[in-house]
Amino acid sequence: MYLQEYPKGLGISLWFLGSFLAMEVLINLGIFCYQKEKIPRPLLFFWWMMYLKVRNCRPEYHKYFQTEIIFISADEEPKTNQVDALVRLIQETHPELPSGIVGIGGGTLLDLSKAVAIMLTNPGSSADYQGWDLVQKKSLYHVGIPTISGTGAEVSRTTVLLGPQRKLGINSDYTTFNQVILDPELTKGVPKDQWFYTGMDCFIHCIESLKGTFLNAFSQSYGEKALELCKEVFLDPLTVEESRDKLMMASWHGGMSIAYSQVGVAHAMSYGLGYRLGVKHGLGNCLGIPVFRRVLSRWCCSLQ
Ligand SMILES: [Fe+2]
């Protein structure tokens, strides 16, 4: 197990875990949080419902660490009213703030975890904070454990939510996770089409960042590395294990790239498709790319 801690300002730590099983991850995380934070209040775990079924984990372990597991379906994109309802539930059932929140799952669960961590310390509705740098107070300590690679949600400074009027992220310095656990073993069993479209989300992050007007030295270095890894994953004859490892790293670097720049028109198209028709994010991006190409061809431009 290897622990790397970044400066507090960046607010992110990476745990690279070899072949730890999910429960071992939770136990280690519980011990770490208990020792590091020394706060006796419970940790809340947001857990992707399907994940438990696939892994056949034993939820009774959470009792050792005063934890509470909240199961959330990932069938739909995260919504502002869902965040508000979760915050109300936590506030009604806990007399004081919990120690932190741990999001385990795909982009939906990670985004929900980030949004709830923000809204537990900030007043009003989560819809009020959709935009850029509207969050005033530091969010609750929160940890992300991705079980699918590509979204970049584990590292990005946004949590994209379907609101009453628009699909837009809560973009702020308080949105990023305080800690992230990256273990490719946890992405075992992801259905192939979901693996592909989520991986393409990462690929499109790279293209939009590298071709965008917000490109800078930071976003370029992360974007180029992520693009190189994506090309290996999608074009080279890798083993399944190698693909899992490389896509998880690509997701991280792609997320870092857009954290330092901006997404582009494919994501704008995807947000619209998600808001109007409920199209999943990765698929919406892929649908956006051909449209983007047609628009560009009208203006005699190309992606290359
Ligand atoms: Fe994306």
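## Helices α5 and α6

In this predicted model, let us start with a pair of neighbouring helices. Helix α5 covers residues 192-211 and helix α6 covers residues 217-235. Their axes lie 9 Å apart and meet at an angle of about 140°. An angle has to be over 145 degrees to count as roughly antiparallel, so α5 and α6 are oblique to each other. The crossing of the two is left-handed.

Which residues of α5 and α6 meet? From α5 come Gly199, Cys202, Phe203, Cys206, Ser209 and Leu210. On the α6 side they face Ser219, Gln220, Gly223, Glu224, Ala226, Leu227, Cys230, Val233 and Phe234. Sorted by class, this contact holds nine nonpolar residues, five polar ones and one charged residue.

## Helices α3 and α4

A second helix pair is worth a look. Helix α3 (residues 80-93) packs on helix α4 (residues 107-119) at an angle of about 55°, and here the axes are 9 Å apart. The angle makes α3 oblique to α4, and this crossing is right-handed.

On α3, the residues that make the contact are Gln82, Val83, Leu86 and Val87. Their partners on α4 are Leu112, Ala115, Val116 and Met119. Seven residues of this α3 and α4 contact are nonpolar and one is polar, with no charged residue in the set.

## The three-stranded sheet

Now to the strands. One open sheet is built from three of them in the order β6-β9-β8, and its pairing is mixed. At the edges sit β6 (131-132) and β8 (160-162), each of which pairs on one side only. Strand β9 (residues 167-171) is joined to β8 by three bridges in the antiparallel sense. Within that pairing, Val160 is found opposite Gly169 in β9.

Leu168 is a good residue to click on in β9. Is Leu168 buried or partly exposed? A residue needs 20 or more other C-beta atoms within 10 Å to count as buried; Leu168 has 19 and is therefore partly exposed. Setting aside neighbours within four places in sequence, Leu168 is in contact with Gln130, Gly131 and Gly163. Take Gln130: 38 residues separate Gln130 from Leu168 in sequence, yet their C-alpha atoms are 5.8 Å apart in space.

## Strands β7 and β10

Another strand pair is formed by β7 (residues 142-146) and β10, which run parallel and are joined by two bridges. Gly144 has Val180 of β10 opposite it.

In a regular strand, side chains alternate between the two faces of the sheet. Which residues of β10 (residues 179-182) cover each face? Gln179 and Ile181 are on one side, while Val180 and Leu182 are on the other. All four are buried, so both faces of β10 are covered.

## The protein overall

Stepping back, the protein has nine helices and 10 strands. It counts 304 residues, of which 49% are buried. Among contacts between residues at least 6 apart in sequence, 75% join residues at least 24 apart. The contact of Leu168 with Gln130 is one example of a pair well separated along the chain, at 38 residues.

Definitions and conventions:
Residues numbered from 1 in each chain as written. Predicted model: local features only at pLDDT ≥ 70, side-chain atom pairs only at ≥ 80, totals over all residues. Buried ≥ 20, exposed ≤ 12 C-beta atoms within 10 Å, placed from the backbone. Contact = placed C-beta atoms within 7 Å. Axes fitted to C-alpha atoms, helices over the stretch in contact; angles between N-to-C directions. Parallel < 35°, antiparallel > 145°, perpendicular 65-115°, else oblique. Left-handed = near helix turned anticlockwise from the far one by under 90°. Nonpolar A, V, L, I, M, F, W, Y, C, P; charged D, E, K, R; others polar. Pairing = 2+ DSSP bridges.
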